[in-house]
Amino acid sequence: MDYPRHLLSLEEFSAEQITHLVELAEDLKQHPHKGTDALKGKTVGLVFQKPSVRTRISAEVAAFQLGGHSIYLAPENIQLGEREPVSDVARTMSRYVDGVYMRTFEHATLEEFAAHGTVPVINALSQSFHPCQALSDLLTVKEKFGSIKGRKFAYVGDGNNVLHSLLLAGSRLGMDLRAATPEGYQPSSKILDLARANAEASGGSVLWTSDPTEALRDAEIVYTDVWISMGDEEESDRRRRDFRGYQINEQLTQRAHPSFVFMHCLPAHRGEEVDNVIMEGPHSCVFDQAENRLHIQKAVFMTWLGNKE
């Protein structure tokens, strides 16, 4: 199946392309010895402006399990855009590695790197999107429910990069998506418009509300993320005030379907966006979800960087 040259967001991806990636990851999870030579002789450059646990480890292990090699470049190693222009780093790295997995602050940095490099660039997180996380989440939903289309999915919290990618991908696959955020923290209106157009074509639906009880009504999947992301630390006090009432707890989840699953992309701040009873309770599947970052990462590397013969 053909894909865009880079994986920067899921905006331009069809339902078939997203489904193929999820199914490939599912197959690799069930058959861990498949694809062991897919990256043989290849190197992935991991360029991280922000530190990470799951994103870095899953990428390094994925490259290793596919027979390839990875090089991690921390912020202090590369000083992207400071010590050297992004365009020059892109042109230089393209001479050494077969693909770049990049975690940035500004999405424009990814786009600039992709425009000047000659190898595939994969978004490992930007301020606007987190596509590999969303693909992992869809794999988790498929595992838990057997299907994705029509699933009632409620996101409560910050209208951030994770929500943007979930809206774009879930709407392509016909999910019933509800997002509840405080006023001032809603997702991008452009992303909402794109997701609603996708949903109209796929038979899904998209709702944004400031009322978390409305979002959770009969929800089969309840999802949240941190209130204070990396880079938002100066807003900590204000954000804690603004997000009061948006915590996923026993009282709020009374509105959800009795057999709902709880998802969180981690790290979780217990006592803020989720209480410990839900986080550690029988509905939680957050560590299955975390594991799936590895399987999606393998599927993505195979698709964009894999040996074709």
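**Exercise 1.** Find which residue of β2 is the bridge partner of V44.

*Solution.* Look across to β2: the partner of V44 is S70. Next, place this pair in its strands: β1 (residues 43-48) and β2 pair in the parallel sense over five bridges. Strands here are DSSP runs of E with at least two residues, and helices are runs of H or I with at least four, numbered from the N terminus. Two strands pair if DSSP finds at least two bridges between them.

A word on the model: it is predicted, with local features needing pLDDT of at least 70 and side-chain atom pairs counting only at pLDDT 80 or more, while totals for chains, interfaces and linings use all residues. Residues are numbered from 1 along each chain as its sequence is written, and side-chain values use heavy atoms, leaving out hydrogens and water.

**Exercise 2.** Work out the strand order of the open sheet, and which strands stand at its edges.

*Solution.* Start with the order: the four strands run β2-β1-β3-β4, with parallel pairing. Now check the ends: β2 (69-73) and β4 (121-125) each have a single partner strand, so one side of each is left without a neighbour in the sheet.

**Exercise 3.** Decide where the buried residues of α2 lie around its axis.

*Solution.* First list them: T55, S58, A59, A62 and A63 are buried (under 20% relative accessible area, 1.4 Å probe, protein chains only). Then look down the axis of α2: these residues fall within an arc of 130 degrees (taken from the directions from the axis to the C-beta atoms), so they line one face of the helix. Helpful background: an α-helix has 3.6 residues a turn, so residues three or four places apart point the same way.
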